[in-house]
Amino acid sequence: MALVPFPNKARTPAPDDDSDPDSDESGPDSDRGGKMSFLEHLDELRKRIVYALIALVVGVLIACLFLDQIYNFIMGPMQAALPKGQTLVYTEPTEALMLYLKMAVLMGLLIASPGVMAQVWLFVAPGLYTNEKKLAIPFVLMSSFFFVAGAAFSHYVVFQLTWKFFGSFASDTLTYMPRIEPAFGLYVKLVLTFGLIFQMPTLVLFLAKMGVVTAKFLIKNMKYAILIMFIVGAVLSPGTDPVGQILLAGPMFVLYLISIALAWIFGKKKKRLEAT
């Protein structure tokens, strides 16, 4: 019996096969990175986490050199916002020491944010096309900038308003003497929350550059986005009061509008034409 060879029409072209007329580029660089197994993904994730931790340790060591200035920068506004004659206290022997260590870690994270964001990009980069991988430097710079901007907004605006609101209940019969540990815990929660919230423009911009979302899609689904913002504000708010929810949902809505503008300006031209 004669052997009949399989037809070639179902053959998948090799990465360096330039016979595809619809391809803008030829060669292996025009395709996505090679497929990775589950264990290879885990190994890559482990490697990126290790490098990110190394960057964090370097940032913490740098922060330790300026620990007194960092303490005054964070705790000074806290003390100034307290009613006259009242002060922050600590009741555990190690509480003040741990406060300094946590401050060093928080400031070290802000210092190391470019290195951490670079590791995030390197983890997702193997699944991107060559033209998408060219966005590495803009992603690292933009995400780091918005993370620090979110932390600064929390420090100068959100935390100050929240702290004064909680302290406004002090009276002749109620003495407000907050412990440093929960007070700083509130500060850290707000700083990290707004650091992550401020990543919205970065995320939307790069999804728009890849053609995943468009300005029209964001505008069409704005009512659902607003609902999600208030849900997130209720979940992440340090208290159950509506003031905290508004302080979280309000900036998110402004960032959403900025994201729409970025998607319209920098989104793929083909997607933009479809949106019109």
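1. A helix in this note is a DSSP run of H or I that spans at least four residues, and helices are numbered from the N terminus. The model is predicted. It has 12 helices and 0 strands. Read along the sequence, the pattern is α-α-α-α-α-α-α-α-α-α-α-α.

2. Some totals for the chain. It has 276 residues, and 36% of them are buried. The exposed area is about 17200 Å², with 69% of it supplied by carbon and sulfur atoms. Take the contacts between residues at least 6 apart in sequence: 80% of them join residues at least 24 apart.

3. Which residues make the nonpolar surface patch of about 760 Å²? They are Phe38, Leu39, Leu42, Leu45, Ile49, Leu53, Phe123 and Val124. Helices H1 (38–64) and H4 (113–124) each supply at least two of the patch residues. H1 gives the most, with 6 residues. Phe38, one of the patch residues, lies in H1. Phe38 is classed as exposed because its relative accessible area is 62%, and the cut-off for that class is over 50%.

4. H4 itself has 12 residues. Its first and last C-alpha atoms are 17 Å apart, close to the 16 Å expected at 1.5 Å a residue. Ser113, Met117, Gln119 and Trp121 are the buried residues in H4. What do the buried residues of H4 pack against? They pack against H1, H3 (95–111), H5 (130–133) and H6 (136–167).

5. Arg48 is worth a look. Arg48 sits in H1. Is Arg48 buried or exposed? Arg48 is buried, because its relative accessible area is 14% and buried means under 20%. Leaving out residues up to four places away in sequence, Arg48 touches Gln119, Leu122 and Phe123. Of these, Gln119 is among the buried residues of H4, and Phe123 belongs to the nonpolar patch. The side chain of Arg48 also makes a polar contact with the side chain of Glu44, at 2.8 Å.

6. Now the charged pairs. The whole structure holds 5 salt bridges. Side chains of opposite charge can pair when their charged atoms come close. Arg179 forms one with Glu95, with the closest N and O atoms 3.1 Å apart. This pair links distant parts of the chain: Arg179 is in the loop between H6 and H7, Glu95 is in H3, and their positions lie 84 residues apart in sequence. Burial differs across the pair. Glu95 is buried, with a relative accessible area of 4%, whereas Arg179 is partly exposed at 30%.

7. Arg179 has another partner. Its side chain meets that of Glu181 in a salt bridge, 3.3 Å from N to O. Glu181 is partly exposed, with a relative accessible area of 40%. Elsewhere, Glu44, Lys47 and Arg48 are joined into one network by salt bridges that share partners.

8. Within that network, Glu44 forms a salt bridge with Lys47, the closest N and O atoms being 3.6 Å apart. Both residues lie in H1, 3 residues apart, which is about one turn of the helix. An α-helix has 3.6 residues a turn, so residues three or four places apart point the same way. Glu44 is buried, with a relative accessible area of 11%. Lys47 is partly exposed at 28%.

9. H7 runs over residues 180–197 and has 18 residues. It reaches 25 Å from its first C-alpha to its last, close to the 26 Å expected at 1.5 Å a residue. Its buried residues include Ile180, Phe184, Tyr187, Leu190, Val191, Phe194 and Ile197. Thr193 lies in H7 as well. Thr193 is buried because its relative accessible area is 11%, and the limit is under 20%. Which residues does Thr193 contact, leaving aside neighbours within four places in sequence? Leu236 and Leu248.

10. A last check, on Ile246. It is in H11 (residues 242–266). Ile246 counts as exposed, because its relative accessibility is 53%. The C-alpha atoms of Ile246 and Gly233 are separated by 7.1 Å, and the two residues are 13 apart along the chain.

How values were computed
Residues numbered from 1 in each chain as written. Predicted model: local features only at pLDDT ≥ 70, side-chain atom pairs only at ≥ 80, totals over all residues. Heavy atoms only, no water. Patch = residues over 30% accessible without salt bridge, like charges linked within 9 Å, V, L, I, M, F, W, Y side chains within 5 Å. Areas by Shrake-Rupley, 256 points an atom, 1.4 Å probe, with all protein chains shown as cover. Salt bridge = Lys/Arg side-chain N within 4 Å of Asp/Glu carboxyl O. Buried < 20%, exposed > 50% of the residue type's maximum accessible area, 1.4 Å probe, protein only. Contact = heavy atoms within 4.5 Å. Polar contact = N/O pair within 3.5 Å; in protein donor to acceptor, adjacent residues only side chain to side chain. Expected span 1.5 Å × (residues − 1).
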